[in-house]
Amino acid sequence: MSRALPQTQPMDGLPDKVTVYEVGPRDGLQNEAATVPTATKAEFIRRIIAAGLQTVETTSFVSPRWVPQLADATDLLADLGEAGRGPLRPVLVPNERGLDRALEAGVGAVAIFGSATETFAHKNLGRSRAESVEMFSPVVRRAQDAGLWVRAYVSMCFGDPWKGPVPVDRVADACAELMDLGCDQLSIGDTIGTGTAGHVEALLEALGQRGIGVDRIGVHFHDTYGQALTNTLTALRAGVTVVDASTGGLGGCPYAKSATGNLATEDLVWLLDGAGVETGIDLDALVATSVWMAEQLGRPSPSRVVKALSGG
């Protein structure tokens, strides 16, 4: 029997092409209980790139004390060589020290990581939202002076596990504060997966009112309540063309224990292939990569598409 394929039926209101912003090597592997060997991470990234993923966030230059799983950032980029550099290989930097290390490694793009809520800002960054913006200001300025592309993540955009609902206007204000620093792209994060389609529409509208158009926005959904694909489709219909996803569905959030994994890249590609939206991604190769990575981690991939196509 031949392998199942999504029957392509173009949908009105969707973009012709979507950029999948791959976060598995960073956002996925940072949540592993055991440290993945550097050589395995490098091979994972090479396989992802070979499968057609163009934008791949490779690692994070945070303190090893906070994220020991990514303590090998410098060694990983050295292993990858040119494949780990350039504007399509961003790395996360939490502060100027992290930026210094990233610049020494020769990166071409960086990402900063803010919060829409005070609670998460304190838990994740050890400071208030205002203090975190102040901390990021020189990071963005220096990165741009060095010719780097800069992304701003904002977490807890659709709910906070400690405080509950987060007003849309407050989220939009937090996003605007970071984008006003001069960042090139904004990624709005549903860190605990509680967002719904109407909520996505409302936030995108609020961001537009603050001058942040969909051409500068990426969406980052978790699938805790099974809403990630629905929320993604809503964002695409609103004009968003950048979607964060994690190969094999790896990842969650080390500071938000209720959060499950990111939207699986394979599940996203199945949806987009079926809708006739171009991604440039070879689904077979990506599934094979996830099966291989699952073997390295010693557990099956949570991606439904990976399970269906691999028989696992």
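In this predicted model, V171 lies within helix α7, which covers residues 168–179. V171 has a relative accessible area of 1% and is therefore buried, since the cut-off for a buried residue is under 20%. Leaving aside residues up to four places away in sequence, V171 touches A116, M156, C157, V166 and L203. Between V171 and T58, which are 113 residues apart along the chain, the C-alpha atoms are separated by 27 Å.

A second helical residue, L103, has its place in helix α4, formed by residues 96–104. With a relative accessible area of 29%, L103 is partly exposed, because this value falls between the limits of 20% for buried and 50% for exposed residues. When residues up to four places away in sequence are not counted, L103 touches R142, A146 and L148. The C-alpha atoms of L103 and G24 are separated by 22 Å, and these two residues are 79 positions apart along the chain.

The protein chain as a whole contains 12 helices and nine strands. An open sheet of nine strands, with parallel pairing, runs in the order β2-β1-β9-β8-β7-β6-β5-β4-β3. At its edges stand β2 (55–56) and β3 (59–60), each of which pairs on one side only. In general, the strands of a sheet pair through backbone hydrogen bonds, in either a parallel or an antiparallel sense.

Within this sheet, strand β5, which comprises residues 109–115, is largely enclosed by the rest of the structure, because seven of its seven residues are buried. In a regular strand, side chains alternate between the two faces of the sheet. Along β5, A109, A111, F113 and S115 point one way, whereas V110, I112 and G114 point the other way, and all of them are buried. Strand β4 (residues 91–92) pairs with β5 in the parallel sense over two bridges, and V91 is the residue that stands opposite V110 in β5.

Further along the sheet, strand β6 (residues 149–155) and β7 are joined in the parallel sense over four bridges, with I188 in β7 as the bridge partner of V154. Strand β7, made up of residues 185–190, pairs in turn with β8, again in the parallel sense, over five bridges. I188 also stands opposite V219 in β8, and thus I188 takes part in the pairing of β7 on the side of β6 as well as on that of β8. Strand β8 (residues 217–221) is mostly covered, with five of its five residues buried. From β8, I217, V219 and F221 point one way and G218 and H220 the other way, and all of these residues are buried.

At the level of the whole protein chain, the radius of gyration is 18 Å, which agrees with the value near 20 Å that a compact globule of 312 residues would have. Along its principal axes, the C-alpha trace spans about 60 × 45 × 35 Å. Of the 312 residues, 55% count as buried. Among contacts in the protein chain with a separation of 6 or more, 75% are accounted for by residues 24 or more positions apart. The protein chain exposes about 12600 Å², and carbon and sulfur atoms supply 50% of this area. The chain carries 26 positive and 37 negative charges, and the mean positions of these two groups are 5 Å apart.

Definitions and conventions:
Residues numbered from 1 in each chain as written. Predicted model: local features only at pLDDT ≥ 70, side-chain atom pairs only at ≥ 80, totals over all residues. Heavy atoms only, no water. Rg over C-alpha atoms; globule rule 2.2 N^0.38 Å. Buried < 20%, exposed > 50% of the residue type's maximum accessible area, 1.4 Å probe, protein only. Contact = heavy atoms within 4.5 Å. Areas by Shrake-Rupley, 256 points an atom, 1.4 Å probe, with all protein chains shown as cover. Lys, Arg positive; Asp, Glu negative; His and termini not counted. Charge placed at Lys NZ, Arg CZ, Asp CG, Glu CD. Pairing = 2+ DSSP bridges.
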